[in-house]
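I opened this one up to get a feel for the chain and jotted down what I looked up as I went. Here are my notes.

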Amino acid sequence: MSKKKRLQKKLTREERRQLRKKKRRKRIIVLVIELIILAVLGVVAYGVFKLDKLDFNILDQNKLDVYKDTGPYTNIALFGLDSREGELEGGVQSDTIMIASINNETSDVKLVSVYRDTLLQQADGTYEKANSAYNTGGVEQAISLLNRNFDLDIQNYASVNFNALVDVIDLLGGIEVEMTAEEAFWCNGYAFETAQVTGKEMVQIKEEAGTQLLDGVHAVGYARIRYTDGNDFKRTERQRIVLEKVVEKAKSASFSTLNKIIDQVFPQVSTSFSSTDLLGFAANALNYNIVDTSGFPFEVTTSENVLNHSGSYVVPIDFSSNVSRLHEYLFGEEDYTPSETVQQIDNDIVYLTGVDAGTAAIQSDFTESEDTGDE
């Protein structure tokens, strides 16, 4: 008689029942593990399938003028394009330029708007408005402009057509924005133009102060207002307000809503991130929090007297000091010493404009002084 049979003979009926039960439990656990693995693989496959809708653009890292590693931060260039024909990678004005800085240790996010009319050094050493880099040299020149002028290490970007923002906000059911009567008036005007470009219906909002629910065309119209106190400085603040509200609403959106957004919006987005990168961001999406926003330059004036240039420019006052403040704001670097390149840019701006450290600054931050009463 074999050892196995002798052992079975010694087992009581109850012990045999317990043994069979234990074996079944093991099979069930293995089956559950297999199902979980299949589910995860299915989700990943679905995510990759959806990500294929994006316009992926591999950048030449040698053309980005990366200055130095900023440590535990991921810095991303965000471009909002005034693209009427759907162009995403050049030959179009970057109406919005933002730097999103993610603290990888805390998942805190800070947003900085770069004023599009800011006089900055271009790739060929000449000086022009910040938004001209995207138009003349595409994404790589736009990113290199940010790195070169601000001592940054941006290596990735996302560009989106303004039409896409209209679709996102409509699919989210709109966003609530507090505004002045003057802003509501201009919001209707810009919304009318946006509706014509996107083919959407436009129903006027009330031109009065208070909180209003804005659909896509009105939210984009609000973000594009320039003709109030603060001009372009206030406009960039509105853009950050809209982006914050979209992010917060998207966090609580249903899966079906997010799926619709992906299907409708991803074809209007260009990015250098890989599918793996984006899946990683998606996995941590609920943990990201926009903790602060600001505009750059911090100390600034405007001038129509730029040597060998025509038109009005936003001019940094003491450019090197502005860059030092940017590093403190984003990365907590106190007493940051700008690179020789930044210091030379500072000297060039003073030479071209006559604007130096002693020039009086104009108001560019309106967060604390907003008045939502009738104007």
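I started with a pair of helices, and α5 passes α6 in a right-handed crossing. I checked the angle next: α5, which covers residues 181–198, packs against α6 at about 120 degrees, and the two axes are 7 Å apart. Oblique angles include those above 115 degrees and up to 145, so α5 counts as oblique to α6. Then I listed who touches whom. From α5 I found Glu183, Cys187, Asn188, Tyr190, Ala191, Thr194, Ala195 and Thr198, and they meet Val217, His218, Val220, Gly221 and Tyr222 in α6.

Before going further, a reminder to myself: this is a predicted model. I looked up the confidence, and the chain averages a pLDDT of 83, with 80% of the residues scoring at least 70. Residues 37–49 are a weak patch, with pLDDT below 50 and five contacts in the model beyond near neighbours in sequence. I found another at residues 368–375, where pLDDT stays under 50 and the model has 16 contacts beyond four places in sequence.

Next, the overall picture. I counted up eleven helices and 13 strands in the chain. The chain has 375 residues, and buried ones make up 45% of them. I also looked at contacts with a separation of 6 or more, and 74% of those join residues 24 or more positions apart.

Back to α6, because I wanted its other partner too. Helix α4 (residues 162–171) and helix α6 (residues 216–223) have axes that come within 7 Å and cross at roughly 130 degrees. That makes α4 oblique to α6. The crossing of α4 and α6 is right-handed. On the α4 side I noted Phe162, Leu165, Val166, Ile169 and Asp170, which meet Gly216, Val217, Ala219 and Val220 in α6.

Then I moved on to helix α7, residues 231–251. Its 21 residues reach 31 Å from the first C-alpha to the last, close to the 30 Å expected. I wrote down some of its buried residues, including Phe233, Arg235, Ile241, Val242 and Val246.

One residue in α7 got its own entry: Asp232. Is Asp232 buried or exposed? Its relative accessibility is 4%, so Asp232 counts as buried. What does Asp232 contact, leaving aside neighbours within four places in sequence? I found Tyr115, Arg116 and Arg226. Tyr115 sits 117 residues away along the chain, yet the C-alpha atoms of Asp232 and Tyr115 are separated by 7.3 Å.

Last, I went looking for backbone oddities. The peptide bond from Phe296 to Pro297 is cis, with omega near 0 degrees. Pro297 is in the loop between β11 (289–296) and β12 (300–303).

Ser107 isn't a glycine, but I found a positive phi of about 70 degrees there. Ser107 sits in the loop between β3 (94–103) and β4 (108–114). At 11% relative accessibility, Ser107 counts as buried.

Asp335 isn't a glycine either, and its phi is positive at about 60 degrees. I placed Asp335 in the loop between α10 (319–331) and α11 (340–353). With a relative accessible area of 74%, Asp335 is exposed.

Terms used. Residues numbered from 1 in each chain as written. Predicted model: local features only at pLDDT ≥ 70, side-chain atom pairs only at ≥ 80, totals over all residues. Heavy atoms only, no water. pLDDT = per-residue confidence, 0-100. Contact = heavy atoms within 4.5 Å. Helix = DSSP H or I, 4+ residues; strand = E, 2+ residues; numbered from the N terminus. Expected span 1.5 Å × (residues − 1). Buried < 20%, exposed > 50% of the residue type's maximum accessible area, 1.4 Å probe, protein only. Axes fitted to C-alpha atoms, helices over the stretch in contact; angles between N-to-C directions. Parallel < 35°, antiparallel > 145°, perpendicular 65-115°, else oblique. Left-handed = near helix turned anticlockwise from the far one by under 90°.
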